[in-house]
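Dear colleague,

I am passing on the structure we spoke about, and you will find it directly below. After it come my notes on what turned up when I went through it.

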Amino acid sequence: MVIIHEPAQGRFYTTVDGYTAHVSYRIENGGLDIRHTIVPEEIGGRGIASELVKATYDYAIHEGLRPVATCRFAVIWLSRHPEYKGTVSPDWHPGKDCAL
């Protein structure tokens with residue numbers, strides 16, 4: 001899978017079988033906050049969201065930014081990967097999928 005970074009748009013994306021999946025983020029206060037993760041149903045269940053989140057947080061670490069999660073999927077991902085030392089955004093609310 002090829003993951004492409006578009007820093008000006010604040011997103012990482014990939015296209016699989018003609019469908020585009022993406023992670024949207026914003027950088028503020030020394031953190032990179034994943035705000036939204038979208039994987040079309042047609043390509044779901046293949047680990048695409050996990051790969052996108054990992055690529056995004058790997059970029060954050062490389063840039064000296066703290067991984068932050070507002071998106072529910074990213075919150076769960078960080079809880080499963082404590083080595084990233086990420087935090088949950090104050091914008092995240094249980095029961096909501098994302099901040100958008």
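**Notes on the model**

Leaving aside neighbours within four places in sequence, isoleucine 34 is in contact with Val23, Ser24, Tyr25, Val53, Thr56, Tyr57, Val68, Ala69, Thr70, Cys71 and Ala74. Please keep in mind while reading that this is a predicted model.

Isoleucine 34 is also a good place to enter the core, for Leu32, Ile34 and Tyr57 are the residues that touch the most other members of the largest nonpolar core, which has 22 residues. At least two residues of this core are supplied by each of β2 (11–16), β3 (19–28), β4 (31–38), α1 (48–62) and α2 (72–80), and the largest share, 6 residues, comes from α1.

**Annotation**

The unreviewed UniProt entry places the feature "domain: N-acetyltransferase" at residues 4–89. In the model, the end C-alpha atoms of that span lie 25 Å apart, and the span is 28% helix and 38% strand.

**The sheet and its helices**

The 6 strands form an open sheet in the order β1-β2-β3-β4-β5-β6, with mixed pairing, and its edge strands, each of which pairs on one side only, are β1 (4–6) and β6 (87–88).

Two hairpins can be followed within this sheet. In the hairpin formed by β2 and β3, there are 2 residues between the strands, and the strands pair in the antiparallel sense over 6 bridges, with threonine 15 standing opposite threonine 20 in β3. The hairpin of β3 and β4 likewise has 2 residues between its strands, and asparagine 29 in its turn has a positive phi of about 50 degrees. Here β3 and β4 run antiparallel and are joined by 7 bridges; histidine 22 has isoleucine 38 in β4 as its bridge partner, while valine 23 stands opposite threonine 37 in β4.

As for the helices, α1 lies across β1, β2, β3, β4 and β5 (66–69), and runs at about 165 degrees to β4. α2 also packs on the sheet, where it touches β4, β5 and β6, and its direction makes about 130 degrees with that of β5.

One residue of α1 that may be worth a look is isoleucine 48, which is buried, with a relative accessible area of 4%. Not counting residues up to four places away in sequence, isoleucine 48 touches Met1, Thr14, Val16, Ala21, Val39 and Ile43. Isoleucine 48 and threonine 14 are 34 residues apart along the chain, yet their C-alpha atoms are separated by 8.4 Å.

**Aromatic rings**

The structure holds 4 aromatic pairs. One of them, formed by phenylalanine 12 and tyrosine 25, is tilted, at 6.0 Å centre to centre and with 45 degrees between the planes. Phenylalanine 12 lies in strand β2 and tyrosine 25 in strand β3, so this pair ties together parts that are 13 residues apart in sequence. Both partners are on the buried side of the 20% limit: phenylalanine 12 counts as buried because its relative accessibility is 6%, and tyrosine 25 counts as buried because its value is 8%. Ring pairs also link Phe12, Tyr25 and Tyr59 into a cluster, and Tyr25 appears again among the contacts of isoleucine 34.

**Backbone points to check**

Most residues other than glycine have a negative phi, and for that reason I list two further places here. Aspartate 17, which is not a glycine, has a positive phi of about 50 degrees; this residue is found in the loop between β2 and β3, in the turn of the hairpin described above, and it counts as exposed at 57% relative accessibility. Lysine 85, again not a glycine, has a positive phi of about 50 degrees as well. Lysine 85 lies in the loop between α2 and β6 and is exposed, with a relative accessible area of 67%.

With kind regards

Definitions and conventions. Residues are numbered from 1 along each chain as its sequence is written. This is a predicted model: local features need pLDDT of at least 70, side-chain atom pairs count only at pLDDT 80 or more; totals for chains, interfaces and linings use all residues. Side-chain values use heavy atoms; hydrogens and water are left out. A nonpolar core is a set of buried Ala, Val, Leu, Ile, Met, Phe, Trp, Tyr and Cys residues joined through side-chain atoms within 4.5 Å. Buried means under 20% relative accessible area, exposed over 50%, partly exposed in between (1.4 Å probe, protein chains only). Helices (H or I, at least four residues) and strands (E, at least two) are DSSP runs, numbered from the N terminus. Contact means heavy atoms within 4.5 Å. UniProt positions are given in the numbering used here, feature names are shortened, and annotations may be inferred rather than shown by experiment. Two strands pair if DSSP finds at least two bridges between them. Axes are lines fitted to C-alpha atoms, for helices over the stretch in contact, and angles run from 0 to 180 degrees between N-to-C directions. Rings of Phe, Tyr and Trp (its six-membered ring) pair if their centres lie within 6.5 Å; planes under 30 degrees apart count as stacked, over 60 as edge-to-face and the rest as tilted.
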